[in-house]
Amino acid sequence: IVGIGSFVSVLERGDRDDEMYQIVGSAEADPTKGRISNESPVGRTLLGKRVGDEVQVKIPDGVRYLKITEIR
């Protein structure tokens with residue numbers, strides 16, 4: 001289950017390569033290093049999810065469709 005501190009690999013619809021994020025608190029967030037806040041749209045949506053779950057994330061540019069492929 002995704003929680004704060006988890007490393008999460010996601011595959012965005014239409015992409016071939018996974019993206020790896022670490023879910024961290026807002027003070028530790030650094031999107032350029034893949035560390036996203038648990039309060040961000042993506043971080044908030046991923047919390048509590050499991051491998052294989054597919055989620056929709058509303059972002060300022062529209063909607064991202066992500067599938068969780070790995071949690072560490």
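What follows is a chat between a trainee and a mentor about a predicted model, its sheet and its salt bridges.

Trainee: Let's start with the sheet. What is the order of the strands in this open sheet?

Mentor: There are five of them, in the order E3-E2-E1-E5-E4, and the pairing is mixed.

Trainee: What makes E3 and E4 edge strands?

Mentor: Strand E3 (35-37) and strand E4 (54-59) each pair on one side only. That is what earns them the label. As for the twist, neighbouring strands here are turned by 45 degrees against each other on average, direction ignored.

Trainee: How do you know that E1 and E2 count as paired?

Mentor: Count the bridges. Two strands pair if there are at least two bridges between them. Strand E1 (residues 7-12) and strand E2 (residues 19-24) have four, so they qualify, in the antiparallel sense. One example is Ser9, whose bridge partner in E2 is Met20.

Trainee: And what about E1 with strand E5?

Mentor: Five bridges, again set against a minimum of two, so E1 and E5 (residues 62-71) are paired, in the antiparallel sense. Glu12 has Leu66 as its bridge partner in E5.

Trainee: Which residues in E4 and E5 could I look at for their pairing?

Mentor: Try Ile59, whose bridge partner in E5 is Gly62. E4 and E5 pair in the antiparallel sense over six bridges, and the two strands form a hairpin with two residues between them.

Trainee: Now Arg64. Why is Arg64 called buried?

Mentor: Buried means under 20% relative accessible area. Arg64 comes out at 14%, so the label fits. Arg64 lies in strand E5, and leaving aside residues up to four places away in sequence, Arg64 touches Glu12, Glu19, Tyr21, Val42, Val55, Gln56, Val57 and Ile59.

Trainee: Why is the Glu12 and Arg64 pair called a salt bridge?

Mentor: The cut-off is a side-chain nitrogen of Lys or Arg within 4 Å of a carboxyl oxygen of Asp or Glu. Here the N to O distance is 2.9 Å, so the pair passes. Glu12 lies in strand E1 and Arg64 in strand E5, so the pair ties together parts that are 52 residues apart in sequence.

Trainee: How do you know that Glu19 forms a salt bridge with Arg64 too?

Mentor: The closest N and O atoms are 3.2 Å apart, which is within 4 Å, so that pair passes as well. Glu19 lies in strand E2, so its link to Arg64 in strand E5 ties together parts that are 45 residues apart in sequence.

Trainee: What makes the Arg64 and Glu19 side chains a polar contact as well?

Mentor: For a polar contact the N or O atoms must be within 3.5 Å. The value of 3.2 Å satisfies that.

Trainee: Is Glu19 buried or exposed, or something in between?

Mentor: In between: at 26% relative accessibility, Glu19 is over the 20% limit for buried but not over 50%, so Glu19 counts as partly exposed.

Trainee: How many salt bridges does the whole structure have?

Mentor: Three. One of them joins the side chains of Arg72 and Glu70, at 3.2 Å from N to O.

Trainee: Why is Arg72 called exposed?

Mentor: Exposed needs over 50%, and Arg72 has 56% relative accessibility, so Arg72 gets the label. Glu70 has 35%, so Glu70 counts as partly exposed.

Trainee: Which residues do shared salt bridge partners join into one network?

Mentor: Glu12, Glu19 and Arg64.

Key. Residues are numbered from 1 along each chain as its sequence is written. This is a predicted model: local features need pLDDT of at least 70, side-chain atom pairs count only at pLDDT 80 or more; totals for chains, interfaces and linings use all residues. Side-chain values use heavy atoms; hydrogens and water are left out. Axes are lines fitted to C-alpha atoms, for helices over the stretch in contact, and angles run from 0 to 180 degrees between N-to-C directions. Buried means under 20% relative accessible area, exposed over 50%, partly exposed in between (1.4 Å probe, protein chains only). A polar contact is a pair of N or O atoms within 3.5 Å; within protein, one must be able to donate a hydrogen and the other to accept it, and residues adjacent in sequence count only if both atoms are side-chain atoms. Contact means heavy atoms within 4.5 Å.
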